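Please look through the structure below with an eye to how single residues, strands and sheets fit together. The account that follows moves from one side chain to the whole chain and then to its sheets and loops.

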Amino acid sequence: MNKFLSLSLLLPFSFAYAMDHNMDHSMHMNMSNMNHNMMNNMHHNHNTEFPYNKNFKFEREMLLPPLLTGKLQGNVRVFDLQVQQGEWEFIKGKKAKTFGYNGPILGPILALNRGEDTKINIKNHLNEETTVHFHGAIVSEESDGVHNSDINPNDSKTVTFNLDQEEATLWFHPHPMHKTASQVYKGLAGLIYLKDDKNKDLALPNKYGFNDFPIVIQDKQLAKDGSVHYMVSHHETMHGKTGGILMVNGIVNPFLNMPHGLNRLRVVNGSNASNFNLNFNGQKFYQIASDGGYLNNPVEMTELLLSPGERAEIVIDTTNLKTQDYLYVNGTKALEIRKTKDKSLSKLPTKLADIKPITEDLSKLKTLDFNLKTTHRASTINDAVFDMTSVEFSVKKGEKAIWNITNSSGMMDMPHPFHVHGAQFRVLERNGKTPPLNEQGYKDTILLDKGENVKILVEYKTEGLTVYHCHLLEHEETGMMGQFKSSK
Ligand SMILES: [Cu+2]
């Protein structure tokens, strides 16, 4: 009797668990070469839903942040970033107190050039300390915006770097201890468009605001008066802060005019904790770039899963869309696409990059194990919570290693988007198989669902203390982070 009782009580959970597990297994066995997003589409459980968006019309045009080219001082390209408070209407007519770079919400796009000396003057106008972390940028400790780099209220800091990495869409956001999640949630996030001269003849949509658009997708919980507050329950520290209201570039249900033909969307999952499954109601589109640059060839897909911190550049041909159509996120209309009479490009290049296959002898490399786990008590890596005084391992600059990462959250069933600072890595294996095509380029953040294992090849090109962590920001803040030291 006892046994029967406990079994029936457990049934709903064990059923869901078993079903999920079996799907995982069969999908991964048979579809190793398909897109990861297709497999992940089976994981319904942590694709946040957005029941409130249907209450709002598509009546405001999508925000286009200013695209800044900076000022040339000698050979140095200089930018000014003001970290400030402001007021912003996520919902039309309802003001929220927000944070932004150079404005009330999000931030400008910094147009940088590969190999150019870059200087960023940061002034903190908030009433709390902040840092600016350049996510995806291969920079050393002094410029990374994490270690001992707090900028106090009313203080300034100047950061310099010179990026030698592939053309890509990177982004920047705060990274101070215990305040990352709240500051991102209140609005701080900007983009970097890194350009490389070698790609100047690549015929991709590149007219900013015409056929080339930044798309920062986030979800927030808004109060009835439209205001945003960052408070987390115990449940949310484990599962992450998700919202219920979806927004694109800080606006709930915006519309966007697009010409006929090819349009490029540089999508950033800027949420604290939500995975976003993107689609155009079954219409095919192409992923042309992952976190760290172009894929060798456009990858055709009908859906794409992006976890917090991940970016993807996608190209959609609006010829196949209706005059008024939508970008859907987790089944919700997120962005209304209105086709104009203008014309964009019609043909996508077939060759985008020349990323070489990994040929080195992996057996000669050191393997480091990272075991990610969320329990009711904490989020840990190798059973330890982040400790600023502890350096988990040391490496030599220029050395490569295999990082063997496992999500063993078990019954908690939490996804973990794993992010490495100051590096662009290659994915060697996902669950023992060749990674899907859209994970064969450069990445800095990679999603591991429950039970998944990923092996990545990391080369340390930077120096100093660096961190790796789960980009589900509530996990990061409750301990799922570690640090290592890279030296000459
Ligand atoms: Cu996590």
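Phe285 lies in strand β17, which covers residues 285-290, and the coordinates discussed here and throughout belong to a predicted model. Because 24 C-beta neighbours fall inside 10 Å of Phe285, this residue counts as buried, the threshold for that class being 20 or more. Once residues up to four places away in sequence are left out, Phe285 touches Phe280, Met301, Ile314, Val315 and Ile316. Sequence separation and spatial separation can also be set side by side for a pair that includes this residue: Phe285 and Glu236 are 49 residues apart in sequence, and their C-alpha atoms are 34 Å apart in space.

Ile314, one of the residues that Phe285 touches, leads on to the interior of the protein. The largest nonpolar core has 109 residues, and those with the most contacts inside it are Ile192, Val248, Val267 and Ile314. Strand β4, residues 76-91, supplies the largest share of this core, namely five residues. In soluble globular proteins, nonpolar side chains tend to be buried together. Which residues surround Val248, apart from its neighbours within four places in sequence? Val248 is in contact with Met62, Ile215, Val216, Ile217, Pro254, Ala334 and Leu335.

Taken as a whole, the protein has six helices and 32 strands. Its radius of gyration is 22 Å, close to the 23 Å that the globule rule gives for 488 residues, and the protein is therefore as compact as a globular protein of that length. The C-alpha trace spans about 75 × 55 × 50 Å along its principal axes, while buried residues account for 48% of the 488 residues. Of the contacts between residues at least 6 apart in sequence, 79% join residues at least 24 apart.

Turning to the sheets, one open sheet is formed by six strands in the order β1-β14-β22-β21-β16-β19, and its pairing is mixed. Its edge strands, each of which pairs on one side only, are β1 (60-61) and β19 (303-306). Within this sheet, strand β16 (residues 276-279) runs antiparallel to strand β21 (residues 324-329), and two bridges join them; the bridge partner of Leu278 in β21 is Val329.

Another open sheet has five strands in the order β24-β23-β26-β30-β28, again with mixed pairing. The edge strands here are β24 (379-381) and β28, each pairing on one side only, and the twist from one strand to the next averages 20 degrees. Strands of a sheet pair through backbone hydrogen bonds, either parallel or antiparallel. Strand β30 can be followed from both of its partners. Over seven bridges it pairs in the antiparallel sense with strand β26, residues 400-407, and Ile405 stands opposite Val454 in β30. Strand β28, residues 426-430, also pairs with β30 in the antiparallel sense, here over four bridges; in this pairing Val427 has Ile456 as its bridge partner in β30, and Glu429 stands opposite Lys455.

Which residues of β30 make up its covered face, and which its uncovered one? In a regular strand the side chains alternate between the two faces of the sheet. For β30, which runs over residues 453-459, the covered face holds Val454, Ile456 and Val458, whereas the uncovered face holds Asn453, Lys455, Leu457 and Glu459. Val454, which Ile405 stands opposite, thus belongs to the covered face, while Lys455, which Glu429 stands opposite, belongs to the uncovered one.

Two loop residues remain to be considered for their backbone geometry. Most residues other than glycine have a negative phi. Asn148, although not a glycine, has a positive phi of about 50 degrees, and its place is in the loop between α3 (141-144) and β9 (156-162). Asn253, likewise not a glycine, has a positive phi of about 55 degrees and is found in the loop between β13 (245-248) and β14 (254-260). Are these two asparagines, Asn148 and Asn253, buried or exposed? Asn148 is exposed, because 9 other C-beta atoms lie within 10 Å of its own and the class takes in residues with 12 or fewer. Asn253 is buried, because 25 other C-beta atoms lie within 10 Å.

Key. Residues are numbered from 1 along each chain as its sequence is written. This is a predicted model: local features need pLDDT of at least 70, side-chain atom pairs count only at pLDDT 80 or more; totals for chains, interfaces and linings use all residues. Two strands pair if DSSP finds at least two bridges between them. Two residues are in contact if their C-beta atoms, placed from the backbone, lie within 7 Å. The radius of gyration is taken over C-alpha atoms; the globule rule is 2.2 Å times the number of residues to the power 0.38. A nonpolar core is a set of buried Ala, Val, Leu, Ile, Met, Phe, Trp, Tyr and Cys residues joined through C-beta atoms within 7 Å. Axes are lines fitted to C-alpha atoms, for helices over the stretch in contact, and angles run from 0 to 180 degrees between N-to-C directions.
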